[in-house]
Amino acid sequence: MTSKEQESGSDPRAAIAYADRAALHTRIREGLLPDVDHLLAGAPFFGGDIKRDMQVWCDSWLLGTEILKWQEVLTRIDDGLLLRPIIQNLRDTGSIDAMKCVEYVLRKIDHDDADRMLCYLACSHDSDARTELVTSSRRGAGWEHDEFDRLHVTATAIGMIYSSCPSMAKYCDFGIRIIKSDATALVKYEAARDAAAADAGKADIEKLKKATAAVAQADAELEVLVPEDRAEIVRRPSLERVVVPKLPDVASGHRKDLQKSWKGLDGEALPIVARGDVAAHRRALVAAWPHAADLIDVVLTDLAAREEVRFKPTMFLGPSGAGKSSLARAICDQVGLPSELYSKAGMADSSLGGTSAQWSTARESVPLQLVKRSKMASVAVIWDEVEKADDGKHNGSAMDALLPMLEIHQAKRFRDLTLPEPGWQHLSTLTKQIVDRIARERGVDQRWFAPLAEDEMDLVRAAWPGGSIRQLTRIVTTLIDGRDQLMGRC
């Protein structure tokens, strides 16, 4: 590199490496099957889709002659395993069990493509596969590699440590953001260290003050640069907070009644819900809502950067009856966050933001009412059917009352998430969940409500077209009620 290139920070080798990588990824998306090394360095899957990548890889084995050679090796190791039907099963089903079976067999014959199966599993929310892949990929990222290749392998491994993504390319992008923020912090730290060394031995109070201010400013800038879902930076807040300050005892009439309802809570620090075990929360939620695993991952990412439970304003999109409100409630229940479902359908005023103390029906805003009932400083309000709110302005607007609650800083990052519709592959999990909920609602021990029998499941499959959990609930409820009637006649 020339001195001018060093001063400007440019490096022709970096430009060449970037161009080569971009060209390779373009060819992969257009029809080149990436090898394991490509994937470990954050390459996309064939055609940008994991299922297509899996099918093309399986075809390359099934249609090639190499499978015969490896079948001979496998036969010497384990006479009972047949390579072709195992790979055919992976191509036909694409299931996690099939991936694990192929990975086990390839590991038996010491084939490099065993790590390819780990890549598939790591992009299918398998945490064990991510851990194993991180270990193997970091071993492979030795100093003999090109510095840019090593960067991408390292970034992909870091991404797998701190996130769950649907592709190796997204793991790499996530890791790059973390490395970039760490590099920014390192530069600032070394600058502060060099400044301190230069000032060593000098009794200059003013310089010392400036150095302290520079470090504080660097910390503030770094906090802005680091992505919110970064797990390493955790501020330990005091898990208590005063929500309502001490109210003066001078009110009369209905104001006095309103203030009296806060006695013992005003001026007192109320508990904040702590996040708990995020991995355990995810397992429980995905077990009950398998079709919404990606959406659940995005929402729970908000818990990575702080001790307390705090979710960004998030909108769930989907057809009527898809289970949007139920999933939102389930997430709040799982993390222990008091919640209330509040429908905005037909609402034509601003009462959700509270009513003025000049009226005899004065009351707090909906979130504050929930704080009072739950005696918790952190709560969640689930605004249902937001699109159906009346757009009138008489006595205030419902939407105008909602906007300040989103808080300007967070509203800039307001996100909407489409809830995937469940299909027949989720039917067993969903029907069991519905049966258990019916038992709870009727105050009956869940052990008295047996899961649906196979003939009952056949009726469900015939009646339910998929998609609407509300319709599925009606079908299952009808079957349960039919059981009760039969038992009554017996």
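At 67% relative accessibility, aspartate 110 counts as exposed, where exposed denotes a relative accessible area over 50%, buried one under 20% and partly exposed the range in between, evaluated with a 1.4 Å probe and protein chains only. The structure is a predicted model, in which local features need pLDDT of at least 70 and side-chain atom pairs count only at pLDDT 80 or more, whereas totals for chains, interfaces and linings use all residues. Residues are numbered from 1 along each chain as its sequence is written, and side-chain values use heavy atoms, with hydrogens and water left out.

Aspartate 110 is placed in the loop between H7 and H8, and its phi is near 60 degrees, a positive value in a residue other than glycine. Most residues other than glycine have a negative phi. The two helices that flank this loop, H7 (residues 96-108) and H8 (residues 114-122), have axes that come within 8 Å and cross at roughly 160 degrees; such axes are lines fitted to C-alpha atoms, for helices over the stretch in contact, and the angles run from 0 to 180 degrees between N-to-C directions. H7 and H8 are therefore roughly antiparallel to each other, a term applied to angles over 145 degrees. Their crossing is left-handed, that is, the near helix is turned anticlockwise from the far one by less than a right angle. On the H7 side, Ile96, Met99, Lys100, Val102, Glu103, Leu106 and Arg107 meet Ala114, Asp115, Met117, Leu118, Tyr120 and Leu121 of H8, a contact being defined by heavy atoms within 4.5 Å. By class, these residues divide into 9 nonpolar, no polar and 4 charged, with Ala, Val, Leu, Ile, Met, Phe, Trp, Tyr, Cys and Pro taken as nonpolar, Asp, Glu, Lys and Arg as charged, and the others, Gly among them, as polar.

A further helix pair is formed by H4 (residues 50-62) and H6 (residues 83-93), which pack at an angle of about 155 degrees with their axes 9 Å apart. H4 and H6 are therefore roughly antiparallel to each other, and their crossing is left-handed. The contact involves Met54, Gln55, Trp57, Cys58, Asp59, Trp61 and Leu62 of H4 together with Leu83, Arg84, Ile87, Gln88, Leu90 and Arg91 of H6, and its composition is 8 nonpolar, 2 polar and 3 charged residues.

Farther along the chain, lysine 372 is found in helix H17 (residues 366-374) and, at 19% relative accessibility, counts as buried. Leaving aside neighbours within four places in sequence, lysine 372 is in contact with Ser261, Trp262, Leu265 and Glu364. Lysine 375 lies in the loop between H17 and strand E5 (380-384) and has a positive phi of about 60 degrees although it is not a glycine. Alanine 450, in the loop between helix H20 (427-441) and helix H21 (454-463), is partly exposed, with a relative accessible area of 39%; its C-alpha atom is separated by 10.0 Å from that of alanine 439, 11 residues apart along the chain.

Over the whole protein chain there are 22 helices and 6 strands, assigned as DSSP runs (H or I with at least four residues for helices, E with at least two for strands) and numbered from the N terminus. Buried residues make up 38% of the 490 residues, and residues 24 or more positions apart account for 66% of the contacts with a separation of 6 or more. The chain exposes about 28000 Å², of which carbon and sulfur atoms supply 55%, with accessible areas taken from the Shrake-Rupley method with a 1.4 Å probe.

Notes
Angles under 35 degrees count as roughly parallel, over 145 as roughly antiparallel, 65 to 115 as roughly perpendicular and the rest as oblique.
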